[in-house]
Each structure stands twice: as structure tokens, then as C-alpha cells.
Amino acid sequence: QVQLVESGGGLVQPGGSLRLSCAASGGAFNIAAMAWYRQAPGKQRELVAHISSGGGTNYADSVKGRFTISRDNAKNTVYLQMNSLKPEDTAVYYCNRFLTNYWGQGTQVTVSS
């Protein structure tokens, strides 16, 4: 059974940075594409970024140039480095084994002064 556990969320001021981590277990992590989604209050969950097993990446237009997704296969972990954070980035961020129904529990990111 695949398990995904996120960490690293919190409260940060506009312009600040956070790094989210997602530790995976129970599956062949090194061959899995992984993704980060987010869901703001009253809005649908949206894809933020995904990374292929080979390290290829894609980003939502709203985060391009500010967020970076990466992975460490030795640690079975995927990361989301978030820089230049804006209040509109406030959401619960979820880790996902891409295109599957395996989700983490979510971690809250709040960008506010």
C-alpha cells in the first residue's frame, strides 16, 4: 500500500519561501511520476507541478519561475521549493502519485502579513 506523508507547511509572509516534502513508502517510488496539487478554500483542487520518473517537470502557469519540484529517489521523497510566495498561494498542498488515487493528508500553507 502506497503511503504519502507531507511536511513543511506553515505561515509565511508575502515574498517568503517554504519547502514542502513528501515522503513515500510502499511502492516503487523511483519509477513513479509524482505531483503536487493545492486546494484553496472554496476552489477546486488544482495541479501545481509534476515530475516524471526521469526528472522532467511541468508547472502551472501561476507558479512558473517561483516554484521548483524535485525528487530524491534514494530518500523516496519529492520536494516543492516555493519562493516569492503570494497571498494567492494560500492553500492546502497535497502530494500525489501522479494520475493515481494515492494522496497525502495535505499540509497547510498560509501566506499573509
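The paragraphs below lead through this structure, which is a predicted model, from its overall build to a few single residues.

A good place to begin is the list of secondary-structure elements, where the chain shows 0 helices and 10 strands. Read from the N terminus on, the elements therefore follow one another as β-β-β-β-β-β-β-β-β-β.

The overall dimensions come next. Along its principal axes, the C-alpha trace of the chain spans about 40 × 25 × 20 Å. A compact globule of 113 residues would be expected to have a radius of gyration near 13 Å, and because the chain has 13 Å, the two values agree. Of the 113 residues in the chain, 42% are buried, while the accessible surface comes to about 5,800 Å², with 46% of that area belonging to carbon and sulfur atoms. If we consider the contacts between residues at least 6 apart in sequence, we find that 54% of them join residues at least 24 apart. As for charge, the chain carries 10 positive and 6 negative side chains, and the centres of these two sets lie 3 Å apart.

We can now turn to a single link within the chain. A disulfide is a covalent bond between the sulfur atoms of two cysteines. The structure holds 1 disulfide, and this bond joins Cys22 to Cys95, with an S to S distance of 2.1 Å. Since Cys22 belongs to strand β3 (residues 18-25) and Cys95 to strand β9 (residues 91-97), the pair ties together parts that are 73 residues apart in sequence. The torsion about the S-S bond of Cys22 and Cys95 is about -80°, and the disulfide is therefore left-handed. Where do these cysteines stand with respect to the surface, buried or exposed? Buried means under 20% relative accessible area, so Cys22, at 0% relative accessibility, counts as buried, and Cys95, also at 0%, counts as buried.

Finally, two residues deserve a look for their backbone angles. Most residues other than glycine have a negative phi. Ser84, although it is not a glycine, has a positive phi of about 50°, and this residue is found in the loop between β8 (77-82) and β9. With a relative accessible area of 41%, Ser84 is partly exposed. Leu99 is likewise not a glycine and has a positive phi of about 65°; its place is in the loop between β9 and β10 (107-111). Because exposed means over 50% relative accessible area, Leu99 counts as exposed at 73% relative accessibility.

Methods. Residues numbered from 1 in each chain as written. Predicted model: local features only at pLDDT ≥ 70, side-chain atom pairs only at ≥ 80, totals over all residues. Heavy atoms only, no water. Helix = DSSP H or I, 4+ residues; strand = E, 2+ residues; numbered from the N terminus. Rg over C-alpha atoms; globule rule 2.2 N^0.38 Å. Buried < 20%, exposed > 50% of the residue type's maximum accessible area, 1.4 Å probe, protein only. Contact = heavy atoms within 4.5 Å. Areas by Shrake-Rupley, 256 points an atom, 1.4 Å probe, with all protein chains shown as cover. Lys, Arg positive; Asp, Glu negative; His and termini not counted. Charge placed at Lys NZ, Arg CZ, Asp CG, Glu CD. Disulfide = S-S within 2.5 Å.
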